[in-house]
Amino acid sequence: INKEKKMSSPLTVALLGGGTVGAAVAQLISESSDDLTARIGGELKLTGIAVRDASKPRPGVDSSLLTEDAAGLAASGADIVIEVIGGIEPAKTLIESAIANGSSIVTANKALLAAHGAHLHKLAEEAGVDLYYEAAVAGAIPLLRPLRESLAGDKVTKILGIVNGTTNFILSKMYNDGADYSVVLKEAQDLGYAEADPTADVEGFDSAAKAAILAGLAFHTNVTADDVYREGMTKVTADDIAAAKSLGYVIKLLAIAELTQDDKGVIVRVHPAMIPVTHPLASVRDAFNAVFVEADAAGQVMFYGRGAGGAPTASSVVGDVVAAARHRITGSVGPAQSIYADLEVRPIGEAITSYYLNLKVADESGVLAAISNEFAKHDVSIQAVRQDGEGDAASLIIRTHQAPESRLRATVEGLENMKAVREVLGVMRVEGAGA
């Protein structure tokens with residue numbers, strides 16, 4: 001890059017996508033023009049905004065910049081191309097074209113990065129351009145750059161995060177109101193927190209994509225969404241919430257990435273879990289996100305803020321634009337993808353966790369002994385037992401000590417086949433509570 005040229009002429013920016021986030025990005029670049037120029041050391045010039053329908057009015061956006069020719073704009077050779085279309089295609093092809101034409105990339109596309117991040121990083125590195133994506137995980141929260149840079153001298157051992165605002169809003173309302181999932185989902189849709197088709201959120205697909213990105217950065221390993229164990233929160237009932245509350249826990253849909261005990265593998269999983277009300281993540285309510293990081297030297301660090309929305313996401317996007325623009329001026333690039341560790345992605349069966357179980361049991365002598373024997377058979381230690389109700393309405397609430405997931409699952413399967421156990425009413429993993 002010619003430094004003199006870039007200092008004397010504006011840095012051009014092409015924007016792919018003019019929806020909620022795209023419009024907010026365009027407005028932020030326009031409204032903060034003077035400040036951005038001072039921070040970058042050069043002026044930014046928005047050259048075009050690719051949209052599906054250029055005739056659609058977009059308040060606050062210069063209509064002269066709108067174009068339906070996304071391919072032409074992506075290949076225009078702009079200094080920086082911002083992609084906020086979402087999805088795999090045409091976003092992937094457009095970004096590939098932009099890189100081929102020498103543009104640095106800023107994207108908020110978690111699905112694309114979780115599926116093809118290594119490929120795009122390779123293209124960007126070969127072309128000598130930046131690929132930034134702070135906005136792809138947790139909206140406005142500065143998270144990826146601290147993982148990639150601020151904690152680069154430390155050893156991250158575990159990440160525990162609430163990275164989807166829709167599910168956190170639903171679970172928070174269920175906890176506060178005692179309502180069933182279906183009732184709260186309808187309310188979330190009416191308020192605009194949930195899509196008409198909420199599958200990506202409530203079945204954990206969104207969180208799994210973000211978990212893959214976080215795991216890749218934290219553990220210097222290529223992790224895709226397909227590597228992530230995924231379990232949605234649609235089966236969480238009001239009874240589960242009430243039981244958790246009575247035990248001093250809350251239920252959250254968590255994205256978890258952790259090193260295995262031998263430090264040679266990484267396990268990445270998304271599922272509902274009970275966490276103690278005293279844990280910092282327990283107080284994260286409504287549509288907010290938070291990510292709890294455990295590292296050897298830094299100890300425990302939490303990042304908290306708004307995880308979605310036009311303005312919060314635009315804040316992260318424009319922050320990446322500033323970083324990429326500075327590099328264009330100096331003729332440098334940011335750090336490439338770090339996958340030197342190349343750890344093996346291990347199955348969830350090797351995860352060390354603990355379980356909460358709610359069992360409807362027969363009203364007869366010897367039941368507790370039989371159940372205890374089933375736990376012992378699989379080498380799973382019981383931490384606490386509590387009986388609720390009497391007679392045929394009796395149930396046992398059991399909390400286990402930590403054990404490999406595979407042994408805990410085998411225990412549950414054994415209990416389901418026992419005559420003394422009428423029904424396994426609930427099973428939930430427990431996180432953040434120690435052994």
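**View 1. Thr-166 and its contacts in the predicted model.** Let's start with one residue and its surroundings. Leaving aside neighbours within four places in sequence, Thr-166 is in contact with Tyr-193, Ala-194 and Asp-201. Thr-166 belongs to helix H8, which covers residues 165-177. Is this threonine buried or exposed? With a relative accessible area of 8%, Thr-166 falls under the 20% cut-off and therefore counts as buried.

**View 2. The largest nonpolar core, with Leu-147 picked out.** This core holds 92 residues, and those touching the most other members are Leu-143, Leu-147, Val-156, Ile-159, Ile-170, Phe-219 and Leu-281. Which helix gives the core its largest share? That is helix H11 (residues 205-219), with 10 residues. For a closer look, take Leu-147: not counting residues up to four places away in sequence, Leu-147 touches Ala-152, Val-156, Ile-159, Leu-214, Leu-217, Ala-218 and Val-293. A second core, separate from this one, has 33 residues, including Leu-11, Leu-44, Ile-80 and Val-318. As a general backdrop, nonpolar side chains in soluble globular proteins tend to be buried together.

**View 3. The open six-stranded sheet.** If you trace the strands across the sheet, the order is E3-E2-E1-E4-E5-E6, and the pairing is parallel. Which strands stand at the edges? They are E3 (66-67) and E6 (131-132); each has a single partner strand, so one side of each is left without a neighbour in the sheet. Elsewhere in the sheet, E1 (residues 11-16) pairs with E2 (residues 44-50) over six bridges, in the parallel sense. Within this pairing, Leu-11 has Leu-44 of E2 as its bridge partner. You have met both leucines already: Leu-11 and Leu-44 are among the members of the second core.

**View 4. Helix H5 against helix H6.** Here H5 (residues 91-100) packs with H6 (residues 110-127), their axes 10 Å apart and at an angle of about 10°. An angle under 35 degrees counts as roughly parallel, so H5 is roughly parallel to H6. H5 brings Ala-91, Lys-92, Ile-95, Glu-96 and Ile-99 to the contact, while H6 brings Leu-112, His-116, His-119, Leu-120, Leu-123, Ala-124 and Ala-127. How do these residues divide by type? Eight are nonpolar, two polar and two charged.

**View 5. Helix H5 across the sheet strands.** This last view links the helix of View 4 with the strands of View 3. H5 lies across E1, E4 (80-83) and E5 (104-107), and runs at about 155° to E5.

Terms used. Residues numbered from 1 in each chain as written. Predicted model: local features only at pLDDT ≥ 70, side-chain atom pairs only at ≥ 80, totals over all residues. Heavy atoms only, no water. Core = buried A, V, L, I, M, F, W, Y, C linked by side-chain atoms within 4.5 Å. Buried < 20%, exposed > 50% of the residue type's maximum accessible area, 1.4 Å probe, protein only. Helix = DSSP H or I, 4+ residues; strand = E, 2+ residues; numbered from the N terminus. Contact = heavy atoms within 4.5 Å. Axes fitted to C-alpha atoms, helices over the stretch in contact; angles between N-to-C directions. Parallel < 35°, antiparallel > 145°, perpendicular 65-115°, else oblique. Nonpolar A, V, L, I, M, F, W, Y, C, P; charged D, E, K, R; others polar. Pairing = 2+ DSSP bridges.
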